[in-house]
Amino acid sequence: MRAPARVGDPVHAIDTPALVVDADALERNIAALAAFARARGVALRPHAKTHKSARSAQLQIEAGAVGVCVQKVSEAQALAAAGVSQLYVSNEVVDPAKLDRLADLARGARLAVAVDSPVGVERLGRALARSGASMDVFVEVDVGHGRCGLPPGSAAALARHVSGDPHMRFAGLQAYHGRAQHLRSAGEREVAIRHAASIVRAAQAALSGAGIACPLVTGAGTGTFTHEAASGVWGELQCGSYVFMDRDYADNEPLPQAPRFEHALFVKSQVMSRGTSHAVIDAGHKSHALDSGPPSVWGAFAGLEFANGGDEHGILRAGAGHGLPALGDTVWLVPGHCDPTVNLHDMYVVVRGGLERGVVEELWPIEARGCLG
Ligand SMILES: Cc1ncc(COP(=O)(O)O)c(C=O)c1O
């Protein structure tokens with residue numbers, strides 16, 4: 001694998017296209033959410049599905065996070081192999097072979113997983129009995145996403161099932177409202193999380209009616225976390241994208257009382273062809289994901305509109321008041337969606353000192369890149 005830069009290179013020497021992290025902005029984002037969580041008395045278990053990198057997870061844990069979340073068993077394996085030992089698979093796993101891998105991993109790391117079915121609990125129980133390990137288990141409640149999770153009234157029966165297994169500790173409720181995260185107005189997001197809180201309270205009432213203590217409610221993302229933190233219901237936040245802040249998140253109306261996160265993830269590209277009314281850069285959708293819309297242009301050419309030109313090409317058109325870059329010029333992109341953009345790259349080029357005059361400080365492997373299973 002060829003690295004796009006060497007440690008010590010100036011920014012201008014980074015080959016293109018490359019996935020570049022502004023280390024100063026990343027650290028400020030990590031510190032800002034850690035300080036917010038501390039001040040509100042909630043725990044932080046950031047989602048590593050965003051960065052997929054052990055180094056980033058370690059920075060979050062050093063700043064006070066209790067561990068990190070992942071979505072896939074293979075992500076947990078990759079990060080555990082790179083030294084991250086507090087991992088929560090905040091997702092359902094029912095395949096026996098995957099559960100065996102998870103149960104084996106739990107012999108050397110503190111692991112947690114979400115469940116939403118008796119079949120999932122039974123299969124997890126068999127895998128844990130075979131490996132001899134134990135695991136924290138969260139029962140997922142559907143709080144409005146319409147994805148995984150049980151209706152609140154069904155949480156108690158499944159929690160009892162979990163508690164009855166000698167290898168499982170009932171850790172509480174998983175309650176993440178993904179669809180709320182990108183509602184553009186802060187008011188709409190507040191309403192969605194108020195509704196989610198009422199569903200969680202119903203699940204908690206069902207648990208207490210059944211005599212089951214609920215140690216923790218975990219959930220929340222970058223778009224809504226101030227509401228979960230203020231609700232008195234959630235005790236742990238799972239925000240992921242705040243570390244990088246993609247274009248899609250920057251399009252949200254800011255949350256009241258939230259720290260302002262900065263863009264910290266960029267694709268460095270270069271103009272490879274130039275027409276009279278457009279410039280072509282060497283970054284197409286092999287370099288950045290388009291599922292949440294196009295990247296925005298950052299830096300000297302901010303304001304130019306990006307249009308997808310294919311796998312390896314991006315097209316910038318001259319617009320009112322915005323001059324086009326010249327052949328060979330550097331163009332910085334802020335990805336539309338950070339998580340799948342990261343999944344397209346082998347490593348981060350970590351720059352200290354800004355995108356203008358900074359220097360490559362480190363290259364970080366993206367250990368959980370491509371970990372789909
Ligand atoms: C279960 C769960 N928790 C937390 C997150 C993090 O959300 P965000 O990246 O929007 O902060 C996600 C993202 O999809 C998720 O699926």
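Before I show any residue, let me fix three words: a residue is called buried if its relative accessible area is under 20%, exposed if that area is over 50%, and partly exposed in between, with a 1.4 Å probe and only the protein chains considered. The areas themselves come from the Shrake-Rupley method with a 1.4 Å probe, and for residues only the protein chains shown count as cover.

What you see above is a predicted model, in which local features need pLDDT of at least 70 and side-chain atom pairs count only at pLDDT 80 or more, while totals for chains, interfaces and linings use all residues. Residues are numbered from 1 along each chain as its sequence is written, and side-chain values use heavy atoms, with hydrogens and water left out.

Let me take histidine 345 as the opening case. Histidine 345 is buried, because its relative accessible area is 10%, and its place is the loop between helix H10 (338-342) and strand S16 (347-352). Helices (H or I, at least four residues) and strands (E, at least two) are DSSP runs, numbered from the N terminus. The histidine 345 side chain makes a polar contact with the backbone oxygen of serine 287 at 2.8 Å. By polar contact I mean a pair of N or O atoms within 3.5 Å; within protein, one must be able to donate a hydrogen and the other to accept it, and residues adjacent in sequence count only if both atoms are side-chain atoms.

Asparagine 91 can be described in a similar way: it belongs to strand S4 (residues 86-92), it is buried at a relative accessible area of 17%, and its side chain reaches the backbone oxygen of glutamine 71 at 3.0 Å.

Now to the ligand. How many residues surround the ligand? There are 15, and the closest are Thr222, Gln238, Gly240, Ser241 and Tyr249, where near means that a heavy atom of the residue lies within 4 Å. This shell divides into 4 nonpolar, 9 polar and 2 charged residues; here Ala, Val, Leu, Ile, Met, Phe, Trp, Tyr, Cys and Pro count as nonpolar, Asp, Glu, Lys and Arg as charged, and the others, Gly among them, as polar.

For individual contacts, a ligand nitrogen is 2.8 Å from an N or O atom in the side chain of glutamine 238, a ligand oxygen is 3.1 Å from an N or O atom in the side chain of lysine 49, and an oxygen of the ligand is 2.8 Å from a polar backbone atom of glycine 240. Of the 390 Å² of accessible area that the ligand has on its own, the protein covers 93%.

Finally, some backbone details. Alanine 220 has a positive phi, near 85°, although it is not a glycine; alanine 220 sits in the loop between strand S8 (217-219) and helix H8 (225-230), and it is buried, with a relative accessible area of 0%. Is glutamine 257, whose phi is near 65°, buried or exposed? Glutamine 257 is exposed, at a relative accessible area of 62%, and it is found in the loop between helix H9 (247-250) and strand S10 (265-274). Last comes the cis peptide bond joining threonine 16 and proline 17, with omega about -10°; proline 17 is in the segment before strand S1 (18-22).
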